[in-house]
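User: Got a minute to walk through this one with me? I'd like to start with what counts as buried.
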Amino acid sequence: MSALSKYDIAERLKNTLTVSPLLHENQIGESSIDLRMGTVVMLARAGAQSHVDPSAYVNKADTNKHDLHRKKHQKHERFDIPFTHPFLLHPGTLALVPTLEWVKLPKNLQGIVTARSSWAREGLNIATATIVNPGYSGIITLELANFGEIPITLYPGLRLAQIAFYEIATPAEDDDIKPSQFDGKFEPSAGDIADGDYCFIPEKKKIIS
Amino acid sequence: MKAKDFLLNECENLQTVLEETLRYEYGIEGSRVFYEECEHRLSEITKLISVTQETAAPALSEHFYKLEELSALISRIERSSLKEYSWPFLEEFKEISLSACTDPNTTQLDKDGNPYPPQVHVLSEGGLSSYQIYVDGRRVPSRRKILTIFFPRTLKHYVLLHPILGHEMGHAIYSIAAHEKALDQVIKENLIQPSKYFASAQNFTEWMYRNPPQSVKVFLSVIEAELQVNEQNILDAYVDFAAWEEEFLCDFIGLLMFGPSFIAAISDLLYSVDSSGSEIGNFHPPTACRVNTLIEAANILGYETLKFDPDYQPVVDAFWRSIHEKKQGNEWFDVFTSDQIRETLHKLTAFLGPHENALYPTPTKERVQPLIKKLLVNIPPVGYEFSTHQVEGKSKPHLSFDENVDFRDILFAGWIATCNDVKSLKFEHANKLCEYGILQQRAIKMMQAQI
């Protein structure tokens with residue numbers, strides 16, 4: 001697996017790789033492309049849940065549809081932040097934000113998303129789920145966290161993150177590619193943290209996929 | 001309390017309710033304009049009530065209704081949150097519509113001596129038929145109009161269907177006294193009076209009753225049995241023909257403002273309400289008459305003759321086929337001749353032309369085809385292309401932007417892309433791609449303006 005250089009990225013962008021739109025040539029770095037903040041912010045709703053528990057994603061047999069969906073919709077507060085409007089990210093807060101760009105990776109490329117170093121030095125962290133799988137298509141969700149001690153004002157359109165690309169030596173065949181639960185999304189959503197691990201959660205039974 | 005005291009007390013209540021609206025985020029431009037306009041109206045109404053005698057019952061009654069209208073307007077704001085509609089679409093829509101909706105004869109001018117542009121706010125509530133634009137009454141003591149746009153709750157993000165608002169904008173423009181007379185003249189002189197069916201009441205009833213299609217006959221027999229509507233009284237007891245004229249007018253305005261996406265959107269919605277296209281409405285002409293007229297108008301405007309490269313022409317042809325499938329073959333529904341439609345379009349183009357961005361610029365292959373190309377490979381459609389040039393054997397990136405891409409081009413491309421043969425691009429997904437494309441295109445324009 002080797003990283004793509006600026007020239008390699010440019011060649012791929014002509015054909016199989018999509019990062020659309022790039023607003024300025026300076027968005028393409030030596031071995032990465034800068035990603036801009038989109039216009040939606042999802043914040044964990046205060047008081048909606050006492051703690052994060054994988055068992056909340058596994059439903060008791062008697063859980064009804066109302067409870068299931070209410071739990072999902074109560075978890076986050078959704079904010080639309082138009083261009084030039086500020087969003088204040090407080091210390092210790094986690095915010096899910098889409099990229100402005102639509103990204104499509106071919107089957108032989110993997111993307112790795114990180115913070116831009118200038119923002120990281122201000123305390124802004126693009127959290128930990130950094131891998132974008134080959135074949136992915138959609139916005140990329142940036143999990144923003146403020147590790148500093150003072151709030152950070154963010155504006156949609158700012159370049160907060162960067163994505164580097166790595167070539168996969170032996171790409172998976174179509175039959176072996178499992179669609180991501182986030183594939184084709186236009187805005188962030190909560191994922192299923194218990195997906196596929198239900199056997200480790202006692203006395204719970206998954207009834208709805 | 002006496003009536004006057006009660007109304008003055010209600011003024012104080014309204015001031016309190018107005019303060020409470022400041023808790024809400026209800027528009028990209030913030031709350032100041034709406035707040036100040038409502039405060040101005042409240043102040044004017046309070047003054048009117050204060051100088052009215054307790055014994056002047058009719059005047060107090062009129063003030064009551066003014067207060068009630070203001071109260072309804074303020075209460076709507078609490079259900080008009082930014083996240084409840086597609087704000088990028090709305091911002092684009094405002095850019096094409098506000099000039100035509102500004103009353104040129106208002107005596108209320110801003111500090112630069114210009115009429116205040118209308119304030120727009122949005123509600124997403126109601127079912128499929130709730131698309132409308134509510135305009136203030138003419139007697140409201142206002143500095144600026146407030147236009148309330150209603151989206152159906154279920155379709156609040158369906159930008160591909162939102163061109164229907166072009167028709168509603170027609171009603172909003174027509175509601176301005178300064179425009180009403182001119183628009184009436186255009187429709188009457190070019191469309192109605194030359195029409196062999198609508199030129200007189202006798203012509204109308206002959207058209208309606210002599211040889212209508214079977215589906216219309218059935219409808220007429222139903223309203224005769226249930227409402228005692230017949231050939232002698234249909235124009236007095238059932239059809240409001242002035243409303244029909246306004247409907248035809250607003251269809252033309254919608255088409256000129258939005259282009260082909262307007263026909264696609266309005267025909268889908270109208271036929272969902274009246275699948276036969278034959279229902280005679282009190283205020284609305286039969287759907288098939290409207291759709292047939294619009295298809296002929298699109299032909300006159302040259303939309304169908306636009307040619308694309310061979311890779312894309314089939315999907316464009318499929319789009320126009322899908323439109324023509326909605327045309328009713330029975331000539332009874334063709335209520336206007338091509339010449340009448342052409343002349344009306346010509347006059348309305350002259351009317352809308354001076355209003356910046358109001359007219360949809362004739363689409364070109366250069367603007368629309370790249371958008372279709374993106375949609376067909378599942379990418380939001382924007383005026384952006386990536387290419388490279390070689391420097392010392394290395395690929396250097398080159399970005400090119402088409403700032404002329406209009407959000408109406410994106411909607412046109414969206415409708416075309418949904419007609420792809422393999423149907424791999426579902427309507428809902430194409431709609432989301434277009435909504436995201438409109439957002440991205442705004443970012444492109446902002447960056448290009450900076451550069």
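Analyst: Sure. Buried means under 20% relative accessible area, and exposed means over 50%, with partly exposed in between. Keep in mind that this is a predicted model.

User: OK, so is B:His40 buried or exposed?
Analyst: B:His40 has a relative accessible area of 16%, so it counts as buried. That residue lies in helix 2 (residues 32–50) of chain B.

User: What's B:His40 in contact with, skipping neighbours within four places in sequence?
Analyst: B:Gln108, B:Pro141, B:Ser142 and B:Arg143.

User: Switching to the hydrophobic side. How many residues does the largest nonpolar core have?
Analyst: The largest nonpolar core has 167 residues. Those with the most contacts inside it come from both chains: A:Leu144, A:Leu154 and A:Phe165, plus B:Phe198, B:Trp207, B:Met208 and B:Ile280.

User: Which helix gives the largest share of this core?
Analyst: Helix 10 (residues 241–258) of chain B, with ten residues. There is also another core apart from that one, of 18 residues, including B:Cys11, B:Phe34, B:Ile49 and B:Leu60.

User: Back to B:Met208, what is it in contact with beyond its sequence neighbours?
Analyst: Leaving out those within four places, B:Met208 is in contact with B:Val216, B:Leu220, B:Ile234, B:Trp244, B:Ile280 and B:Trp332. B:Trp244 and B:Trp332 also belong to an aromatic cluster. The other members of that cluster are B:Tyr197, B:Phe198, B:Phe204, B:Trp207, B:Phe241, B:Phe248, B:Phe333 and B:Phe336.

User: How many aromatic pairs are there over all chains?
Analyst: The count is 29. One of them is B:Tyr158 with B:Phe427, a stacked pair at 6.1 Å centre to centre with 20° between the planes.

User: Why does that angle make it stacked?
Analyst: Because planes under 30 degrees apart count as stacked, and here the angle is 20°.

User: Where do those two sit in the chain?
Analyst: They're 269 residues apart, so to speak linking distant parts of the chain. B:Tyr158 is in the loop between strand 3 (146–151) and helix 5 (165–174) of chain B, while B:Phe427 is in helix 17 (residues 427–450) of chain B. B:Phe427 has a relative accessible area of 26%, so it is partly exposed.

User: Any charges sitting over rings? Which ones?
Analyst: The charged end of B:Arg76 is over the ring of B:Tyr134, 4.7 Å from its centre. The charged end of B:Lys394 sits over a ring in chain A, that of A:Tyr7, 5.3 Å from its centre.

User: What about strand 3 of chain B, how many of its residues are buried?
Analyst: Six of six. Both faces are covered, with B:Ile146, B:Thr148 and B:Phe150 on one side and B:Leu147, B:Ile149 and B:Phe151 on the other.

User: Which strands is it joined to?
Analyst: Strand 1 (residues 119–124) of chain B runs parallel to strand 3, with six bridges, and B:Val122 stands opposite B:Ile149. Strand 2 (residues 132–135) of chain B runs antiparallel to strand 3, with four bridges, and B:Val135 stands opposite B:Leu147.

User: Last one: what should helix 15 of chain B span?
Analyst: Its twelve residues (365–376) should span 16 Å at 1.5 Å a residue, and the end C-alpha atoms are 16 Å apart, which agrees. Its buried residues, among them B:Leu371 and B:Ile372, pack against several elements, including strand 2 (18–20) of chain A and helix 13 (313–324) of chain B. Just after helix 15, B:Asn378 takes a positive phi of about 65°.

Methods: Residues numbered from 1 in each chain as written. Chains lettered and ligands numbered in written order. Predicted model: local features only at pLDDT ≥ 70, side-chain atom pairs only at ≥ 80, totals over all residues. Heavy atoms only, no water. Core = buried A, V, L, I, M, F, W, Y, C linked by side-chain atoms within 4.5 Å. Buried < 20%, exposed > 50% of the residue type's maximum accessible area, 1.4 Å probe, protein only. Contact = heavy atoms within 4.5 Å. Phe/Tyr/Trp six-rings, centres within 6.5 Å; stacked < 30°, edge-to-face > 60°. Lys NZ or Arg CZ within 6 Å of the ring centre and 35° of its normal. Pairing = 2+ DSSP bridges. Expected span 1.5 Å × (residues − 1).
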